Amino acid sequence: MAAEREHEHVRVAVIGSGFGGLGAAVRLRRAGITDFAVLERRDAVGGTWRDNSYPGCACDVPSHLYSFSFAPNPDWPRTFSGQRHIRAYLENVTDAFGLRPHIRLGHEVHRMSWDSRELHWIVEHSHGTLTADFVVSATGPLSDPKIPDFPGLDTFEGKVFHSAQWDHDYDLRGKRVAMVGTGASAIQIVPAIQPEVGRLTVFQRTAPWVMPRVDRRITGLERRLHARLPATGLLRRQLLWGVRELQVSAFTKRPDQLGLVQKLASAHMKRAVKDPVLREQLTPDYRIGCKRILLSNDYYPALARPNVDLVASGLREIRGNTLVAADGTETEVDAVVFGTGFHVTDMPIAERVHGAHGTTLAEEWKDGMEALRGCTAAGFPNFMTVIGPNTGLGNSSMILIIEAQLNYMIDYLTQLGTLGGRVALDARPEAVRAWNTHIQDRMRRTVWSTGGCDSWYLDDNGRNTTVWPGTTAEFRRVTRRLDLTEYEVLRAGEPGRAPADPTAAERVAATAGEAAA
């Protein structure tokens, strides 16, 4: 029995149990596919909403839009819900759709190898090995924290942690704390910890544009209405979606139209920050929208408090317990919190995926991530990434993109079933190139390319391999069906195919022999 468990075969293996992984599991079950496993490295589902539990953590997309269309929640407590409620929502989805039997917690994937002879994936994880006809990588771009390698970091004697790895056992009260970074996490952390720390120093490399957060409590009457008349909740979602769809052209085609929004953001700052020097330091030198627009009502007021200092030149190095900024400013602190983002354009999971030619996905993407319709890469048959290259959004809900990709996933599996026998589909290199040339051509006139900033959307080559340069409705259209002409059909036993990964196959055989013995 142990040997069977160690080396089971499933039709679909899903990696990750955040919105992407759980959404994939629900869609598989609704399509009548129950032979699948969800491998999750953590001890609970939730993905980024399980990992990020820092003070003040909340979503910057309205709750009724930041949820699955097939699992509406009439009981959201606020228009913008906090981490605790979003995580609870994902736990409820897991239970409501009967996903628990499919989920393997504490199963970290170490290596995935394509077996070209058997036409399946060999998935080696922390509890053994399984094989799968099809793999869905739903690890997400915000799963692996990034801490820059600042000189002297290893000499710091105080407490150090990333916003996504918050140490709740460490008491910040009265401490001298440095917040490194001023992105989406930092602007939530700063006002949350400012009242309790002794002194807070914020190291800002680039000032963000911050807009008011139109947040409020959702009344009991509204919640009862949404529960008794689900159409009202759907209408609310559609209105939220429609407003954001109308905004897309300003980001992607006519950045000059963002001028009014920029003036509103400037006025928002001026209302809270009276010090002209601080205002100048907080005013970005790029067009609004070039980086993600942040939402907060209390970030600027927190920065204006007497126990907060802004260092506007960014962190350069660390000498013992002293942080040295690029302008030479020195600050002695007890703790450092890094709000420095994640490995987005260099997803670590890509180093663990070995395709048909023996190379890793990371090696294939060394000059920049590329995928056909944001989903599939050439040389990696029957492998699909949820929230892949150029699927991100600058102004709307990623759940819309995820659900569109899951439509593509279901059609992919349907096509495989229609073809019959042991079969795989491999994205044609020319189709991948054509798609990405089209995307990059469209990217040239977007605010992300013309706005004058260096954002986390860009890879090391300066290409925007992160954001989708269109509406979510358009993305849904281009991923509704899998076009077989964009794929090569692989069948077991056909000549001319790349050989199986011998090392992976040998490891499976050896482990199987040990388990049987």
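In this predicted model, C375 has a relative accessibility of 2% and therefore counts as buried, since that value lies under the 20% limit used for burial. A buried cysteine raises the matter of disulfide pairing, and the search of the whole structure finds one disulfide. A disulfide is a covalent bond between the sulfur atoms of two cysteines. The bond in this model joins C290 to C453, with a distance from S to S of 2.0 Å, and the angle of -90° about the S-S bond makes the link of C290 and C453 left-handed. The pair links distant parts of the chain, because C290 and C453 are 163 residues apart: C290 lies in the loop between α9 (276-282) and β11 (294-295), whereas C453 lies in the loop between α14 (447-450) and α15 (472-478). C290 is buried, with a relative accessible area of 0%, and C453, at 16% relative accessibility, also falls under the 20% limit and so counts as buried. C59, on the other hand, is in no disulfide, and the nearest cysteine sulfur, which belongs to C57, is 8.8 Å away. Since a disulfide requires sulfur atoms within 2.5 Å, that distance does not qualify. C59 counts as buried as well, at 4% relative accessibility.

The strands of the model include two open sheets that can be described in turn. Strands of a sheet pair through backbone hydrogen bonds, either parallel or antiparallel. In one open sheet, five strands follow the order β7-β16-β8-β9-β12, and the pairing is parallel. The edges of this sheet are formed by β7 (159-162) and β12 (308-311), each of which pairs on one side only, and the twist from one strand to the next averages 15°. Within the sheet, strand β9 (residues 199-203) is joined to β12 by four bridges, the two strands running parallel, and V202 stands opposite L310 in β12. Helix α5 (residues 186-193) lies across β8 (176-180) and β9, and this helix runs at about 165° to β8.

The other open sheet has three strands in the order β13-β14-β15, and here the pairing is antiparallel. Its edge strands are β13 (315-319) and β15 (330-332), each pairing on one side only, and the twist averages 25° from one strand to the next. Four bridges hold the antiparallel pairing of β13 and β14, in which R319 stands opposite T322 in β14. These two strands form a hairpin with two residues between them, and in this hairpin G320 takes a positive phi near 65°. On the other side of the sheet, β14 (residues 322-325) is joined to β15 by three bridges, again in the antiparallel sense, and the bridge partner of T322 in β15 is E332. T322 can thus be followed in both pairings, standing opposite R319 in one and partnered with E332 in the other.

A positive phi also occurs in residues other than glycine, as L119 and N382 show. L119, which is not a glycine, has a positive phi of about 55°, and this residue is found in the loop between β4 (109-115) and β5 (120-125). With a relative accessible area of 5%, L119 is buried. For N382, phi is near 50°, and the residue is found in the loop between α11 (361-364) and β18 (383-385). N382 counts as buried, at 1% relative accessibility.

The packing of helices is illustrated by α2 and α12. Two packed helices are described by the angle between their axes and the distance between the axes. The axes of helix α2 (residues 19-30) and helix α12 (residues 398-419) come within 10 Å and cross at roughly 40°. Because this angle lies neither under 35 degrees nor in the range of 65 to 115 degrees, α2 and α12 are oblique to each other. The crossing of the two helices is right-handed. On the α2 side, the residues that meet α12 are F19, G20, G23, A24, R27 and L28, and on the α12 side their counterparts are I399, I402, E403, L406, N407, M409, I410 and L413.

Terms used: Residues are numbered from 1 along each chain as its sequence is written. This is a predicted model: local features need pLDDT of at least 70, side-chain atom pairs count only at pLDDT 80 or more; totals for chains, interfaces and linings use all residues. Side-chain values use heavy atoms; hydrogens and water are left out. Buried means under 20% relative accessible area, exposed over 50%, partly exposed in between (1.4 Å probe, protein chains only). Two strands pair if DSSP finds at least two bridges between them. Axes are lines fitted to C-alpha atoms, for helices over the stretch in contact, and angles run from 0 to 180 degrees between N-to-C directions. Angles under 35 degrees count as roughly parallel, over 145 as roughly antiparallel, 65 to 115 as roughly perpendicular and the rest as oblique. A crossing is left-handed if the near helix is turned anticlockwise from the far one by less than a right angle, and right-handed if clockwise. Contact means heavy atoms within 4.5 Å.
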